[in-house]
Amino acid sequence: MRRRRDTQISTAILVFVVLLLSLQLFLLAVAAEGFLAGESGLAWSATIISTFLALISVLLYRFLPRRD
Amino acid sequence: MTEGQPIWRRDFPYTTEGEEGVSRREFTRFLVAASVAVTGTGGIVSLWASLRTINTGGAHRIVTLDQVAVGGSYLFRYPTEDDPAILVRPDSETILGFSQKCTHLGCVVFWEPDEQHFECPCHEGLFDLSGEPIAGPPERPLGRIEVELRNDEIWALEADRETT
């Protein structure tokens with residue numbers, strides 16, 4: 001029963017991390033667009049949000065059950 | 001069925017040499033590492049965008065006014081010899097300068113006098129007389145070049161940061 005719950009938690013975290021990474025890839029494209037347009041402010045904004053998302057990913061990873 | 005093994009192993013009881021499974025934890029760790037790498041790449045891009053210097057050019061004589069027909073265009077290079085640019089004279093009172101690089105993938109745009117717009121032949125991107133995209137894949141306007149008339153001569157003064 002516990003193993004089943006751990007698996008569910010692991011899968012949920014995995015899905016969240018995949019979603020966050022997808023958002024980060026979008027933000028990387030925004031940063032590249034800012035670079036091409038000569039707007040470094042846009043690039044920095046995208047990077048700051050991306051950093052925040054990466055921190056959430058790291059935090060989620062720490063909550064991953066050890067068994068799975 | 002061996003205890004602790006997944007059900008699919010019963011239906012597919014074959015293994016290959018060197019076969020190894022990837023746990024959710026390992027896969028998540030890989031994704032988190034990718035997440036950090038993407039952030040790092042964004043940081044490098046942002047830093048590069050902040051630190052790079054962009055040549056916006058200086059005052060440069062292009063051509064005499066009588067060499068540009070009303071309704072016509074004139075091609076030149078600005079701010080460097082590697083930057084194609086275009087001058088258009090839609091009417092006798094107006095002279096406009098633009099970078100010739102399409103903001104989609106950098107193809108060279110040309111002036112379509114009958115339609116009064118710029119056209120990129122690569123993907124049929126269209127820009128109006130103010131350089132704004134009106135059709136096709138481009139989403140950003142053409143780089144503007146500030147021009148001035150001095151004693152019947154057309155001079156380029158400065159290019160948008162985006163031009164280069």
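This text walks through a helix pair in chain A, then chain B, then the contact between the two chains. The model is predicted.

Start with chain A. Helix α1(A) covers residues 2-36, and helix α2(A) covers residues 40-62. Their axes come within 8 Å and cross at roughly 165°. Angles over 145 degrees count as roughly antiparallel, so α1(A) is roughly antiparallel to α2(A). The crossing of α1(A) past α2(A) is left-handed.

Which kinds of residue make up this helix contact? They divide into 18 nonpolar and six polar, with no charged residues. On the α1(A) side, the contributors include A:Ile13, A:Phe16, A:Val17, A:Leu20 and A:Leu23. A:Leu27, A:Leu28 and A:Phe35 are also among them. On the α2(A) side, look for A:Leu42, A:Ala46, A:Ile49, A:Leu53, A:Ile56 and A:Leu60, among others. The polar members include A:Gln24 and A:Gly34 from α1(A), and A:Ser40, A:Thr47, A:Ser50 and A:Ser57 from α2(A).

Now move to chain B. It has 164 residues, and 25% of them are buried. Chain B holds two helices and ten strands. Both helices precede the strands when the chain is read from the N terminus. Take the contacts in chain B between residues at least 6 apart in sequence: 38% of these join residues at least 24 apart.

Finally, bring the chains together. How many residues of chain B are in contact with chain A? There are 25, and they meet 31 residues of chain A. The chain B side divides into ten nonpolar, nine polar and six charged residues. Charged residues are thus present on that side, whereas the α1(A)–α2(A) contact has none.

Notes
Residues are numbered from 1 along each chain as its sequence is written. Chains are lettered from A and ligands numbered from 1 in the order in which they are written. This is a predicted model: local features need pLDDT of at least 70, side-chain atom pairs count only at pLDDT 80 or more; totals for chains, interfaces and linings use all residues. Helices (H or I, at least four residues) and strands (E, at least two) are DSSP runs, numbered from the N terminus. A residue is buried if 20 or more other C-beta atoms lie within 10 Å of its own, exposed if 12 or fewer, and partly exposed in between; C-beta atoms are placed from the backbone. Two residues are in contact if their C-beta atoms, placed from the backbone, lie within 7 Å. Axes are lines fitted to C-alpha atoms, for helices over the stretch in contact, and angles run from 0 to 180 degrees between N-to-C directions. Angles under 35 degrees count as roughly parallel, over 145 as roughly antiparallel, 65 to 115 as roughly perpendicular and the rest as oblique. A crossing is left-handed if the near helix is turned anticlockwise from the far one by less than a right angle, and right-handed if clockwise.
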